[in-house]
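Good morning, and thank you for the time. I would like to walk through one protein chain, beginning with its charged pairs and ending with a few individual residues.

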Amino acid sequence: MATGGYHYCTDGTVTVYPPTDSNAEWTYSYDYRVHVADRYNWDGNKSTTINGITVTDKELQELHRAGLAKEYDLVGESSIQHGTGP
């Protein structure tokens with residue numbers, strides 16, 4: 001719930017192999033991973049409901065001003081995924 005909207009992208013490679021003497025079909029292999037990024041901050045005009053309690057960004061801004069909350073960047077990436085196909 002804290003992430004809300006975020007940005008993501010995928011990078012990877014696909015390699016295609018032509019038929020061989022032992023296999024008449026084209027085949028392929030791929031490797032990819034996903035990258036994610038978000039700025040955890042409070043815009044002041046959003047809210048969310050957690051366990052029946054509505055919490056506004058304005059309230060979270062006040063926690064930040066009091067030194068009880070902090071804005072930060074959320075970044076990460078998946079492990080490399082691999083696969084093959086006929």
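A salt bridge, as the term is used here, is a side-chain nitrogen of Lys or Arg within 4 Å of a carboxyl oxygen of Asp or Glu. Please keep in mind throughout that this is a predicted model.

Let us apply that rule to Arg39. Arg39 forms a salt bridge with Asp73, and their closest N and O atoms are 3.2 Å apart. Because Arg39 lies in strand β2 and Asp73 in strand β5, this pair ties together parts that are 34 residues apart in sequence. Asp73 counts as exposed, at 53% relative accessibility.

Which other side chain meets Arg39 in a salt bridge? That partner is Glu71, with an N to O distance of 3.4 Å. Strand β2, which holds Arg39, covers residues 27–40, while Glu71 sits in the loop between α1 (57–65) and β5 (72–77), so this pair links parts that are 32 residues apart in sequence. Arg39 counts as partly exposed, with a relative accessibility of 37%. Glu71 is likewise in the partly exposed class, at 26%.

By the same rule, the count for the model comes to 6 salt bridges. One of them lies within a helix: the side chains of Glu62 and Arg65 meet at 2.8 Å, N to O. These two residues are 3 places apart in helix α1, which means that about one helical turn separates them. Glu62 is partly exposed, with a relative accessible area of 44%, whereas Arg65 is exposed, with 57%. Elsewhere, Asp11, Arg33 and Glu77 are joined into one network by salt bridges that share partners.

I turn now to the strands. Where does β2 find its pairing partners? Strand β2 pairs with β1 in the antiparallel sense over 11 bridges. In that pairing, Thr13 stands opposite Asp31 of β2. Strand β2 also runs antiparallel to strand β6, residues 81–85, and 5 bridges join these two. Here Asp31 appears again, standing opposite His82 in β6. Strands β2 and β5 make a further antiparallel pair, over 6 bridges. Within this pair, Ala37 of β2 is opposite Val75 in β5. A general point helps when viewing any such arrangement: in a regular strand the side chains alternate between the two faces of the sheet.

Strand β2 contains one more residue to consider, namely Asp38. Is Asp38 buried or exposed? Asp38 is buried, yet it has no salt bridge. The nearest side chain of opposite charge belongs to Lys46, 7.5 Å away. Since a salt bridge requires a distance within 4 Å, the two do not qualify as a pair. Leaving aside residues up to four places away in sequence, Asp38 touches Thr3, Gly5, Tyr6, Tyr72, Asp73 and Leu74. Asp73 in this list is also a salt-bridge partner of Arg39.

Next, the surface. Which residues make the nonpolar surface patch of about 430 Å²? They are Val14, Val16, Trp26 and Tyr28. Of these, Val16 is placed in strand β1, residues 7–17. Val16 counts as exposed because its relative accessibility is 52%, and the exposed class begins over 50%.

Two individual residues remain. The first topic is backbone geometry. Most residues other than glycine have a negative phi. Asn51 is not a glycine, and yet its phi is positive, about 50°. Asn51 is found in the loop between β3 (47–50) and β4 (53–56). With a relative accessibility of 77%, Asn51 counts as exposed.

The last residue is Gln61, in helix α1. Gln61 counts as buried because its relative accessibility is 19%, and the cut-off for that class is under 20%. Which residues does Gln61 touch, apart from those up to four places away in sequence? Gln61 touches Trp42, Asp43 and Gly44.

To summarise, Arg39 joins strand β2 to Asp73 of strand β5, and strand β2 pairs with β1, with β6 and with β5. Asp38, in that strand, is buried without a salt bridge. Thank you for your attention.

Definitions and conventions:
Residues are numbered from 1 along each chain as its sequence is written. This is a predicted model: local features need pLDDT of at least 70, side-chain atom pairs count only at pLDDT 80 or more; totals for chains, interfaces and linings use all residues. Side-chain values use heavy atoms; hydrogens and water are left out. Patches are made of residues with over 30% relative accessible area and no salt bridge: like charges are joined within 9 Å, nonpolar side chains (Val, Leu, Ile, Met, Phe, Trp, Tyr) within 5 Å. Accessible areas come from the Shrake-Rupley method with a 1.4 Å probe; for residues, only the protein chains shown count as cover. Helices (H or I, at least four residues) and strands (E, at least two) are DSSP runs, numbered from the N terminus. Buried means under 20% relative accessible area, exposed over 50%, partly exposed in between (1.4 Å probe, protein chains only). Two strands pair if DSSP finds at least two bridges between them. Lys and Arg count as positive and Asp and Glu as negative; His and the chain ends are not counted. Contact means heavy atoms within 4.5 Å.
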